[in-house]
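Trainee: Got a minute to go through this one with me? I'd like to start with the ligand.

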Amino acid sequence: MASSLSRPILYSYWRSSCSWRVRIALNLKEIAYDIKPVSLIKAGGEQHSNEFREVNPMEQVPALHIDGVNLVESLSILQYLEETRPHRPLLPSDFVKRAKVREICEVVASGIQPLQNLTVLIHVGEEKKR
Ligand SMILES: O=C(O)/C=C/C(=O)CC(=O)CC(=O)O
């Protein structure tokens with residue numbers, strides 16, 4: 001496992017919109033990091049491997065190894081980055097604008113993204129076969 005002084009490692013899959021959020025934030029904040037691809041397709045999904053389960057017991061990407069810990073859930077990761085690395089802020093300073101940003105995040109994370117979550121899509125596909 002990487003030490004707390006090493007570059008952050010983003011466990012990510014190229015089609016994962018949740019991973020895109022974290023990648024975008026790291027880039028906007030100019031934080032150097034390494035990517036470790038986790039294929040959600042190959043061999044039944046590398047996220048279910050014993051190795052990755054140690055990183056994220058929820059067996060989902062993204063996960064970010066940073067400051068000696070593994071963080072999961074994209075919005076929580078973004079908040080951690082914002083709090084620990086305020087340089088190049090993700091949120092506007094105006095309170096109303098901040099509320100609007102959070103509204104959009106909520107719509108995406110709670111309303112839109114769950115419908116395109118791979119686990120849900122596979123489940124719906126199985127249901128349709130019945
Ligand atoms: O990190 C999150 O906010 C949520 C992650 C997931 O639900 C996994 C997932 O759907 C991966 C993806 O396709 O973006």
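Trainee: What lies 3.1 Å from an oxygen atom of the ligand?

Mentor: That's a backbone N or O atom of S17. Keep in mind that this is a predicted model.

Trainee: Okay. Which side chains have an N or O atom listed with a distance to a ligand oxygen?

Mentor: Among them are E73 and Q113. For E73, a side-chain N or O atom is 3.5 Å from an oxygen atom of the ligand. For Q113, the distance from a side-chain N or O atom to a ligand oxygen is 2.8 Å.

Trainee: And how much of the ligand's accessible area does the protein cover?

Mentor: On its own the ligand has 380 Å² of accessible area, and the protein covers 88% of that.

Trainee: Which residues are around the ligand?

Mentor: Going along the chain, you'll find S16, S17, C18 and R21, then Q60, V61 and P62, then E73 and S74, and finally Q113 and N117.

Trainee: Which element gives the largest share of that shell?

Mentor: Helix α1, residues 17–28, with three residues.

Trainee: I see V61 and P62 in that list. What is the peptide bond between V61 and P62 like, cis or trans?

Mentor: It's cis, with omega near 5°. Most peptide bonds are trans. If you want to find P62 on screen, look in the loop between α2 (50–55) and β3.

Trainee: What's the phi of E59, in that stretch of chain?

Mentor: Near 60°, so a positive value in a residue that isn't glycine. Most residues other than glycine have a negative phi. E59 also sits in the loop between α2 and β3.

Trainee: Is E59 exposed, partly exposed or buried?

Mentor: Partly exposed, because its relative accessibility is 22% and buried means under 20%.

Trainee: What about E30, what's its phi?

Mentor: About 55°, positive again, and E30 is not a glycine either. You'll find E30 in the loop between α1 and β2 (34–37). E30 counts as exposed, since its relative accessibility is 55% and the cut-off for exposed is over 50%.

Trainee: Let's switch to the strands. How do β3 and β4 run, parallel or antiparallel?

Mentor: Antiparallel. Strand β3 covers residues 63–66, strand β4 covers 69–72, and four bridges join them. One of the pairs to look for is I66 with V69, its bridge partner in β4.

Trainee: How many residues are between the strands in that hairpin?

Mentor: Two. D67 in that hairpin takes a positive phi near 55°.

Trainee: New topic: the surface. Which residues form a nonpolar patch there?

Mentor: I104, V107, V108 and I112 do, and together they have about 330 Å² of accessible area. I112 is found in helix α4, which covers residues 95–116.

Trainee: Why can I112 be part of a surface patch?

Mentor: Its relative accessible area is 44%, so I112 is partly exposed. Patch residues need over 30%, so I112 passes that cut-off.

Trainee: Last bit, the overall picture. How many helices and strands are there?

Mentor: Five helices and four strands. From the N terminus, their order is β-α-β-α-β-β-α-α-α.

Trainee: And what does the C-alpha trace span?

Mentor: About 50 × 35 × 20 Å along its principal axes. The protein has 130 residues, and 30% of them count as buried.

Definitions and conventions
Residues numbered from 1 in each chain as written. Predicted model: local features only at pLDDT ≥ 70, side-chain atom pairs only at ≥ 80, totals over all residues. Heavy atoms only, no water. Patch = residues over 30% accessible without salt bridge, like charges linked within 9 Å, V, L, I, M, F, W, Y side chains within 5 Å. Areas by Shrake-Rupley, 256 points an atom, 1.4 Å probe, with all protein chains shown as cover. Salt bridge = Lys/Arg side-chain N within 4 Å of Asp/Glu carboxyl O. Helix = DSSP H or I, 4+ residues; strand = E, 2+ residues; numbered from the N terminus. Buried < 20%, exposed > 50% of the residue type's maximum accessible area, 1.4 Å probe, protein only. Pairing = 2+ DSSP bridges. Near = heavy atom within 4 Å. Polar contact = N/O pair within 3.5 Å; in protein donor to acceptor, adjacent residues only side chain to side chain.
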